[in-house]
Amino acid sequence: MLLNLGNIKIHIEKDFSTACELGANIIKEKLSKKPNSVIGFATGGTPIPMYKHLIEMCNHQEINFSEMVTFNLDEYFPISKENDQSYYYFMRENLFNHINVNFDNLHIPNGLASDVEKECADYENLIKTLGPIDLQILGMGLNGHIGFNEPDNKFTQGTNYVALQESTITANARFFNSIDDVPKKALTMGIKTIMMSTEILLLVNGEKKADILEQALFGEISPHVPASALQLHQNVTILADESAVANILKRF
Ligand code: PGA
């Protein structure tokens, strides 16, 4: 089912994996039209089924990643690339090691940068130089964060160094041995960086995201719900399962 809200289109599937297949096809189409497309990647549990579809398509030679340029949304800080909880490791494990990418074209903030402010500025400049990002993939946190842009009194601008909120640390603790191991800081593209992308693909799964998705799309545009900024973007596609859009469907 497709809900067309003008600048925001919501594809709703019973099964989230089907929604993710649609996402993989959107990426395939982008790369077939423009092989050196700049794609913004996301981590977390949500995009994993879409990455599985991309790997499968690559195995069947239905998609070509050889010229793709990538920028990941964020990285914990401090964390080494070898740490299996780093987003660098995650992306290799869940996607990049299994597809025909050129590793020179992949960009993820450096979780061990000696000068974090410089790392953020350099990352932002590189996005400006190689971008714009043609398609930015997003997940959304339970508190409405996109990237690691947590609820705040103002929207973030460029790539920045942030403190993670307690709810994010708790939500992400499931990936670590103990909650104490979850890094407390991160480097993340800012809301403005994300909003500069030509097109956005937001993946949302599960009833636990239903309230925050409704707030993000139908509530006030506010930095207290960072994803609400997407209401101002011209080209957003949301791929969701039925439970994630339960509240929204009641409005129609
Ligand atoms: P999740 O995280 O995909 O693991 O739910 C999303 C996010 O925090 O952006």
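**Notebook: salt bridges, strands, core and rings**

Glutamate 242 is partly exposed, at a relative accessible area of 39%. I note at the outset that the model I am reading is a predicted one.

**Entry 1. The partner of glutamate 242**

I asked which side chain glutamate 242 meets in a salt bridge. The partner is lysine 14, at 3.9 Å from N to O. I then located both residues: glutamate 242 is in the loop between strand E11 (236-241) and helix H8 (246-249), and lysine 14 is in the loop between strand E2 (8-13) and H1, so this pair ties together parts 228 residues apart in sequence. I recorded lysine 14 as exposed, because its relative accessibility is 68% and exposed means over 50%.

**Entry 2. Other salt bridges**

I looked up how many salt bridges the structure holds, and the number is 7. I examined two further examples.

The first joins lysine 33 to glutamate 29, with the closest N and O atoms 3.4 Å apart. Both residues belong to helix H1 and are 4 residues apart, about one turn of the helix. Lysine 33 is exposed at 67% relative accessibility, whereas glutamate 29 is partly exposed at 47%.

The second joins lysine 34 to aspartate 134, where the closest N and O atoms are 2.8 Å apart. Lysine 34 is in the loop between H1 and strand E3 (38-41), and aspartate 134 is in the loop between helix H4 (116-130) and strand E7 (135-138); the pair therefore ties together parts 100 residues apart in sequence. Is aspartate 134 buried or exposed? I found that aspartate 134 counts as buried, at 13% relative accessibility, while lysine 34 is partly exposed at 34%.

**Entry 3. Strand E11 and its neighbours**

I next turned to E11, the strand that comes before the loop of glutamate 242. How many of the residues of E11 are buried? The count is 6 of 6, so E11 is largely enclosed by the rest of the structure. Val236, Ile238 and Ala240 point one way from the strand, and Thr237, Leu239 and Asp241 point the other way.

I then looked for strands that pair with E11. E2 runs parallel to E11 and is joined to it by 6 bridges; glutamate 13 stands opposite aspartate 241. Strand E10 (residues 200-204) also pairs with E11 in the parallel sense, over 5 bridges. On that side, isoleucine 200 stands opposite valine 236.

**Entry 4. The nonpolar core**

I looked up the largest nonpolar core, which has 77 residues. The residues with the most contacts inside this core are Tyr51, Ile137 and Ile238. Helix H1 (residues 16-33) gives the most to the core, with 7 residues. A second, separate core has 5 residues, among them Ala113, Val116, Cys120 and Leu187.

I followed Ile238 further, as it also appears in my entry on E11. Leaving out residues up to four places away in sequence, isoleucine 238 touches Ile8, Lys9, Ile10, His11, Leu202, Val204, Leu213 and Leu217.

**Entry 5. Glycine 23**

I returned to helix H1, where glycine 23 has its place. Its relative accessible area is 0%, so glycine 23 is buried. Which residues does glycine 23 touch, not counting those up to four places away in sequence? They are Met50, Leu201 and Leu239. I also looked up the separation between the C-alpha atoms of glycine 23 and glutamine 215: it is 23 Å, for residues 192 apart along the chain.

**Entry 6. Aromatic rings**

I searched the whole structure for aromatic pairs and noted 10. In one of them, tyrosine 76 and phenylalanine 176, the ring centres are 5.7 Å apart and the planes are at 75°, so I entered the pair as edge-to-face. This pair links distant parts of the chain, 100 residues apart: tyrosine 76 is in strand E5 (residues 74-77), and phenylalanine 176 is in the loop between helix H5 (166-172) and strand E9 (185-188). Tyrosine 76 is buried at 2% relative accessibility, and phenylalanine 176 is buried at 11%.

A further pair, tyrosine 87 and phenylalanine 90, is also edge-to-face, because the planes are at 75°, with the centres 6.4 Å apart. These two residues lie in helix H3 (residues 87-94), 3 residues apart, about one turn of the helix, and both are buried. I noted that Tyr76, Tyr87, Phe90, Phe148 and Phe176 form one aromatic cluster.

Last, I looked up a charge over a ring: the charged end of arginine 92 sits over the ring of tyrosine 88, 3.9 Å from its centre.

Key:
Residues numbered from 1 in each chain as written. Predicted model: local features only at pLDDT ≥ 70, side-chain atom pairs only at ≥ 80, totals over all residues. Heavy atoms only, no water. Core = buried A, V, L, I, M, F, W, Y, C linked by side-chain atoms within 4.5 Å. Buried < 20%, exposed > 50% of the residue type's maximum accessible area, 1.4 Å probe, protein only. Contact = heavy atoms within 4.5 Å. Phe/Tyr/Trp six-rings, centres within 6.5 Å; stacked < 30°, edge-to-face > 60°. Lys NZ or Arg CZ within 6 Å of the ring centre and 35° of its normal. Salt bridge = Lys/Arg side-chain N within 4 Å of Asp/Glu carboxyl O. Pairing = 2+ DSSP bridges.
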